[in-house]
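Me: Please take me slowly through one sheet in this model, and then show me what else is worth looking at around the chain. I am new to this, so please explain the terms as you go.

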Amino acid sequence: MVEPTESEQEQSSEAVQTVLKSLDDPKTAGLILEEQANALKSILGDPSVLKLVRAHDKLEEGRKQVETPNTAELAREVTTELEPQVANDDSAAELSGLLQEPHFMALLEVHDNVAFKKYASPPASPGPTDEAGTMNGFGLLHVGDRIKEVNGRDMSGNPKELQDLLRESTGKIFLKVFVRAHFDYDPEKDKIIPCKDAGLSFKIGDVLQIVEQEDPNWWQAKRTDGTDEAGIIPSQICEERRRSFVKKDRPGSGFLCGSKKKQKIMYKSAKNADFDRHEMIIYEEVAKMPPFHRKTLVLVGAQGVGRRTLKNRIILSDRARFGTTIPHTTREPREGEENGKGYNFVSREEMEQDIRAGKYLEHGDYEGNLYGTKVDSIREVMRSGKMCILDVNSTALKILKTPEFMPFVVFIASPPIENLREIHKRATSEGTITKKQTDEDLQRTAEESEKLFNSYSHYFDKVIVNDDLDKALSQLKDCIEGLSSEPQWVPVSWVY
């Protein structure tokens with residue numbers, strides 16, 4: 001706060017006397033009741049009140065005047081002075097990071113505006129229409145997001161220019177938002193779309209640019225494949241509402257949002273597939289990144305589709321580039337087995353304790369022994385500089401799809417049942433498999449594959465139908481090579 005002037009201090013110390021004199025003034029005596037005037041005289045004439053007033057005056061005298069009206073600039077100067085020490089001093093590095101935080105810089109700016117009373121008068125006319133509020137309501141704009149382009153102009157790395165542009169703009173401000181669709185959409189089959197001709201069709205995995213969001217139920221979007229054609233698509237809210245209405249089995253019961261009968265269920269990670277099937281993923285906000293190497297390659301699929309064979313063959317193709325985890329188990333080592341080669345052998349007590357602590361990506365019980373994959377074992381492979389190849393249950397994807405692991409998820413799909421029979425028959429005659437599967441086993445594989453796709457397709461970056469092992473391996477290698485040569489659309493949480 002700015003130091004008060006001498007005249008202001010004198011006014012503060014004489015204020016009580018002025019009020020007391022005014023109470024005896026004939027001109028003001030009639031403005032308040034005599035009882036009220038006497039009560040006020042008694043309070044203001046009390047020695048303790050006078051001491052408080054004098055103490056207040058002394059405190060005001062001792063307040064320091066702010067030397068600079070721009071503390072944000074002062075913070076930048078301190079950051080510059082700290083630069084030589086950042087590499088060797090953790091405290092200096094932490095302080096430098098804090099001083100450069102956008103929220104801290106905003107706090108300093110607010111401090112300057114309040115301390116020096118830099119209050120701006122409200123504009124006489126309405127300012128530009130900002131779509132941020134609407135976008136935030138649909139979950140497409142979050143605190144911490146970086147605005148890289150506005151109305152076609154590149155704003156990356158220049159917050160001052162962005163502020164000036166937003167302040168001076170009139171009309172609508174368009175912020176580029178890209179989303180990946182996690183469902184197929186055909187406007188010709190949509191019974192509630194306002195105009196079928198204006199609809200934009202898309203497939204699962206297509207990336208769309210959101211152009212307009214004024215209507216809460218229908219957005220305007222266009223594809224990112226180079227075509228400028230825009231069309232309307234169902235909004236996040238519209239599609240969620242559409243899916244939340246389920247038809248009850250009883251005839252004539254109509255449409256209700258779920259069942260009236262409620263059941264209390266305790267969530268268990270070992271059985272979270274039941275909960276995953278009810279996840280409602282509509283759109284996922286994504287950002288385009290230049291080519292880069294993913295840290296993990298995750299293969300998922302139904303039992304019997306050949307994902308483990310593909311994993312082993314891809315690792316053997318280049319051991320210097322690819323690696324995998326060593327599972328942990330509580331069973332006793334067999335003759336000739338060494339700890340850390342093939343398996344890490346641990347006690348049941350230790351493994352159960354680590355499972356409770358959340359240190360395992362997945363685990364299971366087989367013939368009375370526990371088997372599992374530790375999260376730290378994935379980190380060990382990543383630290384070695386290799387891409388970690390994982391063959392995991394689909395329920396582990398929600399743990400893996402984070403900025404730490406940056407997985408490229410490939411779903412190994414089962415071919416149609418007829419093809420599956422031919423593949424199994426050929427493999428049996430060639431001797432590549434020894435365990436014969438019945439038609440029921442093959443049917444179960446095909447059905448499980450379809451269920452997994454329906455429940456977890458929003459996690460998949462690529463789907464490969466394994467109707468020929470050599471062909472599937474070639475497709476998998478092409479995918480890996482493409483990561484280092486082609487731009488990638490990734491979740492925005494991986495970037496910002």
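**The antiparallel sheet and its surroundings**

Reply: Let's begin with six strands that make up an open sheet, in the order β8-β7-β6-β5-β11-β22, paired in the antiparallel sense. A strand here is a DSSP run of E with at least two residues, a helix is a run of H or I with at least four, and both are numbered from the N terminus. Two strands pair if DSSP finds at least two bridges between them. The model is predicted, so local features need pLDDT of at least 70 and side-chain atom pairs pLDDT 80 or more, while totals for chains, interfaces and linings use all residues. Residues are numbered from 1 along each chain as its sequence is written, and side-chain values use heavy atoms, leaving out hydrogens and water.

Now look at the ends of the sheet. β8 (230-234) and β22 (488-491) are the edge strands; each has a single partner, so one side of each has no neighbour in the sheet. From one strand to the next, the twist averages 50°. At the β22 end, β11 (residues 283-289) runs antiparallel to β22, and four bridges join them. One bridge to find is that of A287, whose partner in β22 is V490. Helix α10 (residues 236-244) packs on this sheet and touches β7 (218-223), β8 and β11 (contact means heavy atoms within 4.5 Å). The direction of α10 makes about 40° with that of β8 (axes are lines fitted to C-alpha atoms, for helices over the stretch in contact, and angles run from 0 to 180 degrees between N-to-C directions).

Strand β11 also holds E284. With a relative accessibility of 18%, E284 counts as buried (buried is under 20% relative accessible area, exposed over 50%, partly exposed in between, with a 1.4 Å probe and protein chains only). Beyond its neighbours within four places in sequence, E284 contacts F178, V179, R180, H182, K401, H458 and P491.

There is a parallel sheet to visit too: five strands form an open sheet in the order β13-β19-β12-β20-β21. At its edges stand β13 (322-323) and β21 (462-465), each with a single partner strand, so one side of each lacks a neighbour in the sheet. β20 (residues 407-413) pairs with β21 in the parallel sense over four bridges, and I412 has I464 of β21 as its bridge partner. Two helices lie across strands here. α14 (residues 375-383) crosses β12 (296-300), β13 and β19 (387-391), at about 145° to β19. α18 (residues 469-483) crosses β12, β13, β19, β20 and β21, at about 160° to β21.

I412 turns up again beside A302, which sits in the loop between β12 and α12 (307-317). A302 is buried, at 0% relative accessible area. Not counting residues up to four places away in sequence, A302 touches R307, I412, T445, E448, S449 and L452. S394 is 92 residues from A302 along the chain, and their C-alpha atoms are 9.1 Å apart.

To finish, zoom out to the whole chain. The protein chain has 18 helices and 22 strands, and 33% of its 496 residues count as buried. Of contacts between residues at least 6 apart in sequence, 63% join residues at least 24 apart.
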